[in-house]
Amino acid sequence: MTPGAVRPSADRLGRLLNLVPYLLARPGIEVAQAAGDLGVTERQLREDLELLWVCGLPGYGPGDLIDMAFDGDRVTITYDAGIDRPLRLTPDEALALVVALRMLAETPGMANRDAIERALAKIEHAAGDLAGAPVAVRMPGSDDRLATLRGAVERGRALRITYYAQTRDQTTQRVIDPIRLLMVEGRAYVEAWCRRAEAVRLFRADRIDALAELDEPANPPPSAELHDLRDGVFNPGAELPLITLRVGRGGRWITEYYPCEDVRPDPREPDEWIVTLRVTDLAWAQRFVLGLGPDATAVSPPELVERVRDAATAALDAYAAPVTETL
């Protein structure tokens, strides 16, 4: 995991953990002063405060969540949800934390692994029986595959891989020069110079069907530029096709899973949304819409509408064709 990919979330978590005790010690502090003390903008601090409003104890109902009061530009914590008291974990909570820390310790490219292992050892020691709990943590992609990728990166060796590209629904063979192994949005990736594409590419570990380390050094060109992953793997630009879909309740999940440029209710159908997003290509969009079934309808561009209609018609025709029985 690269610092650029995880620092925004890690920095915000650190701020939130410090924010409540800071405000408890300074009731009625001005937002501008608090922002200055914490080294963030007023806008960022207000966004953090809005997030605190939905943080608290399990149950997450009235009386469980952190609460605060605003008086003009001043803020006061009125309920801290017990964050000012020493943390006491239940056995289930301790086990969940152990699993999370073991997963972090196994994350490819994770920095400060020693600190994670020390924290894990302390919690397991304090939790007693959890140290020997039958908990196995595996990251996405097989252990052998990740071990081979990690070894190739550490030894600086080229790889020959067989890779499935979901966007094109195509499996190809290529030789890559690994640069780094990382974890983004819960998925393991190897970032490498692809000799076939003559560019830096991200390869998802669980889509590598076969790989072999070559007896030659990895040699990415000096001009190779690594991806900026602070906003995730897919960062759609204006050069990509823009599509519009009408989605029902069962398809609304796509607005949380994919970066959308516009989401609005359909004025004609209150239970449906009009969703606009960019895609890598229309072939992928066609498979995407067909996969959503009755929960999505292609609205634009016309080429996508035609592609979906033709594919659906062909599928229906195949079902309508008479079946010839053979003995």
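How many helices and how many strands does the secondary structure of the chain come to? Nine helices and twelve strands. Keep in mind that this is a predicted model.

**Whole chain**

Start with everything shown. The chain has 327 residues, and 34% of them are buried. Turn on the surface: the chain exposes about 19700 Å², with carbon and sulfur atoms supplying 52% of that area. Now think about contacts. Of those between residues at least 6 apart in sequence, 56% join residues at least 24 apart.

**The three-stranded sheet**

Select residues 29-30, 67-71 and 74-79. Strands S1, S3 and S2 form an open sheet in the order S1-S3-S2, with antiparallel pairing. S1 (29-30) and S2 (67-71) are the edge strands; each has a single partner strand, so one side of each lacks a neighbour in the sheet.

Zoom in on S2 and S3. Five bridges join these antiparallel strands. Pick Met-68 and you will find its bridge partner in S3, Ile-77. Pick Asp-71 and the partner in S3 is Arg-74. The two strands form a hairpin with two residues between them. Click Gly-72 in the turn: its phi is positive, about 70 degrees.

**A nonpolar patch**

Stay with S2 and add Trp-53, Val-54 and Phe-70. These residues form a nonpolar patch on the surface, with about 280 Å² of accessible area together. Trp-53 sits in the loop between helix H3 (42-52) and S2. Is Trp-53 buried or exposed? It falls in between: Trp-53 is partly exposed, because its relative accessible area is 34%, and the partly exposed range runs from 20% to 50%.

**Helix H4**

Select residues 91-106, helix H4, and pick out Ala-94. Ala-94 counts as buried, at 7% relative accessibility. Now add Ile-123. It is 29 residues from Ala-94 in sequence, yet the C-alpha atoms are 7.5 Å apart in space.

**Helix H8 and its cover**

Jump to residues 282-292, helix H8. Its buried residues are Leu-282, Trp-284, Ala-285, Gln-286, Phe-288, Val-289 and Leu-292. What covers them? The cover includes strand S9 (242-247), helix H7 (254-257), strand S12 (296-300) and helix H9 (302-320).

Check both ends of H8. At the start, a side-chain oxygen of Asp-281 comes within 3.1 Å of the backbone nitrogen of Ala-283. After the helix comes Gly-293, with a positive phi near 60 degrees.

**Salt bridges**

Show the charged side chains. The count of salt bridges is 16.

Begin with Asp-206 and Arg-204, whose closest N and O atoms are 2.8 Å apart. Asp-206 is partly exposed at 29% relative accessibility, whereas Arg-204 is buried at 13%.

Next, select Asp-271 and Arg-249. Their salt bridge has its closest N and O atoms 3.3 Å apart. Asp-271 lies in strand S11 (residues 269-278) and Arg-249 in the loop between S9 and H7, so the pair ties together parts 22 residues apart in sequence. Asp-271 is partly exposed, at 43%. Arg-249 is exposed, at 58%.

Finish on helix H9. Glu-303 and Arg-307 meet in a salt bridge at 3.4 Å, N to O. Both lie in H9, four residues apart, about one turn of the helix. Glu-303 is partly exposed, with a relative accessible area of 43%. Arg-307 is also partly exposed, at 31%. As a last stop, select Arg-246, Asp-266, Arg-268 and Glu-272: salt bridges with shared partners join them into one network.

Conventions. Residues are numbered from 1 along each chain as its sequence is written. This is a predicted model: local features need pLDDT of at least 70, side-chain atom pairs count only at pLDDT 80 or more; totals for chains, interfaces and linings use all residues. Side-chain values use heavy atoms; hydrogens and water are left out. Buried means under 20% relative accessible area, exposed over 50%, partly exposed in between (1.4 Å probe, protein chains only). Two strands pair if DSSP finds at least two bridges between them. Patches are made of residues with over 30% relative accessible area and no salt bridge: like charges are joined within 9 Å, nonpolar side chains (Val, Leu, Ile, Met, Phe, Trp, Tyr) within 5 Å. Accessible areas come from the Shrake-Rupley method with a 1.4 Å probe; for residues, only the protein chains shown count as cover. A salt bridge is a side-chain nitrogen of Lys or Arg within 4 Å of a carboxyl oxygen of Asp or Glu. Contact means heavy atoms within 4.5 Å. A polar contact is a pair of N or O atoms within 3.5 Å; within protein, one must be able to donate a hydrogen and the other to accept it, and residues adjacent in sequence count only if both atoms are side-chain atoms.
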